[in-house]
Amino acid sequence: MGLRPLDLAHWLEIDEQRDIELAQKEDLLERVPDLVVATQAQGLAASEELLVHAAEWFRNYAPSIALASRPDDHPVVQVARWSQEDFCVLEYSDAWRLTAACVCFPSRWDLRSKIGQTLDAIHEPVPGYDITLASTTSKFFDRLKPERAFWRLNWTLLDSGTLHQPFAERRPPDGDLGKWFFRVERQTLRALPETAAVIFTIRNYVTSLQELATSAEFMEHLLLGIETAPVAMQQYKGWVGVADVLRAAIAAG
Ligand code: HEM
């Protein structure tokens with residue numbers, strides 16, 4: 001699962017892109033709310049609890065940031081407007097299910113198809129998830145306690161640097177490296193004490209591959225990561241043929 005313990009002081013991350021990313025969120029929430037917000041009635045109490053904890057986090061760790069509130073916003077949307085992170089609320093009923101979310105920057109998946117779904121159903125397109133991860137992830141959720149949060153990373157290569165990519169099509173990037181982007185998702189998981197909901201945050205960092213290509217060591221690691229991924233995962237991620245292009249780029253210096 002690649003999970004590491006998280007000091008809650010680092011639950012959210014704030015950087016110089018904040019104004020730009022929050023403006024993008026505002027625009028998306030205005031133009032395409034149905035693509036970026038999905039909530040169920042039963043997710044409201046946990047979203048309200050999330051709002052309280054997020055406000056407390058900003059007070060403690062980023063006190064200079066003024067938190068504007070919009071009374072008409074769903075609490076999960078309110079929190080998402082304060083943060084560069086996207087937020088998903090999961091609650092246990094018959095299984096762990098997604099009950100509320102504001103995801104402005106999905107990496108080629110459609111939030112509308114995931115709301116109300118179980119962890120297993122959400123991950124249905126992920127090759128091997130059912131065999132290698134489903135049972136451990138679900139048990140991990142069962143055992144997660146408010147005092148111990150966790151984080152993990154996911155990465156991919158994409159042919160677009162745009163943060164908002166709701167469409168499921170995963171095509172291998174082509175053309176020159178200047179048009180490729182290395183996208184890292186930093187994800188966190190924490191349980192809330194009152195509602196026992198699990199909050200899953202996703203934060204995206206995107207860098208042009210051309211910039212990163214100046215490091216031979218990075219390129220070798222990237223190639224290794226792609227080459228050693230199972231074929232089904234390479235297909236899912238849109239990496240078919242990418243190793244060959246990277247190898248040629250490395251050889252050309
Ligand atoms: C320990 C917890 C989790 C693990 C180990 C895990 C693992 C994974 C993996 C391996 C992938 C394939 C991603 C890739 O590398 O591109 C994936 C995709 C995904 N995960 Fe998770 N995940 C976890 C929690 C969650 C949660 C809580 C959500 C809630 C929304 C979620 C939503 C998704 C979605 C939407 C995708 C893309 C699926 C698609 O292609 O339609 N994950 N996850």
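How far is an oxygen atom of the ligand from an N or O atom in the side chain of Asn154? The distance is 3.0 Å. This model is predicted. The report starts with the ligand and then moves to single residues.

## The ligand and its shell

The ligand sits in the largest pocket. Around the ligand are 21 residues. The closest are Lys114, His123, Asn154, Tyr236 and Lys237. By type, the shell holds 14 nonpolar residues, three polar ones and four charged ones.

Several elements of the fold build this shell. At least two residues each come from β3 (86-92), α5 (119-122), α6 (129-143), β5 (149-158) and α9 (231-237). Helix α6 gives the most, with three residues.

The ligand contains an iron atom, and the protein offers that iron a single donor. The donor is NE2 of His123, 2.0 Å away. His123 lies in the loop between α5 and α6. Both of these helices are among the elements that supply at least two shell residues.

Side chains also meet oxygen atoms of the ligand. The table gives three such pairs.

| Side chain | Partner | Distance |
|---|---|---|
| Lys114, polar atom | oxygen atom of the ligand | 2.8 Å |
| Asn154, N or O atom | oxygen atom of the ligand | 3.0 Å |
| Tyr236, N or O atom | oxygen atom of the ligand | 2.5 Å |

Lys114, Asn154 and Tyr236 are also named among the closest residues to the ligand.

## Thr118 in the loop before α5

Where is Thr118 placed? Thr118 is in the loop between β4 and α5. A polar atom of the Thr118 side chain lies 3.0 Å from the backbone nitrogen of Ala121. Is Thr118 buried or exposed? Its relative accessibility is 17%, so Thr118 counts as buried. The cut-off for buried is under 20%.

## Two residues with positive phi

Most residues other than glycine have a negative phi. Two residues stand out here.

Arg108 is not a glycine, yet has a positive phi of about 60 degrees. Arg108 is found in the loop between β4 (96-102) and α5. That is also where Thr118 is placed. Arg108 counts as buried because its relative accessibility is 4%.

Ala196 also has a positive phi, near 65 degrees, and is a residue other than glycine. Ala196 is found in the loop between β6 (181-191) and β7 (198-208). How does its accessibility class come out? At 45% relative accessibility, Ala196 counts as partly exposed. Partly exposed covers the range between the 20% and 50% cut-offs.

## Sequence distance and space

Two pairs set distance along the chain beside distance in space.

Leu35 and Leu111 are 76 residues apart in sequence. In space, their C-alpha atoms are 6.6 Å apart. Leu35 is found in helix α2 (residues 33-36). With a relative accessibility of 15%, Leu35 counts as buried.

Met1 and Asp19 are 18 residues apart along the chain. Their C-alpha atoms are separated by 32 Å. Met1 is in the segment before β1 (4-6). Its relative accessibility is 37%, so Met1 counts as partly exposed.

## In brief

The ligand sits in the largest pocket, and His123 is the single protein donor to its iron atom. Arg108 is buried, whereas Ala196 is partly exposed. Leu35 is buried, whereas Met1 is partly exposed.

Notes
Residues numbered from 1 in each chain as written. Predicted model: local features only at pLDDT ≥ 70, side-chain atom pairs only at ≥ 80, totals over all residues. Heavy atoms only, no water. Near = heavy atom within 4 Å. Polar contact = N/O pair within 3.5 Å; in protein donor to acceptor, adjacent residues only side chain to side chain. 1 Å grid on protein atoms, 1.4 Å probe; cavity = no way out; pocket = protein on both sides within 12 Å on 5 of 7 lines; lining within 4 Å. Sits in = over half its atoms within 2 Å of the grid points. Helix = DSSP H or I, 4+ residues; strand = E, 2+ residues; numbered from the N terminus. Nonpolar A, V, L, I, M, F, W, Y, C, P; charged D, E, K, R; others polar. Donors = N, O, S within 2.8 Å, 3.2 Å for Na, K, Ca; no water. Buried < 20%, exposed > 50% of the residue type's maximum accessible area, 1.4 Å probe, protein only.
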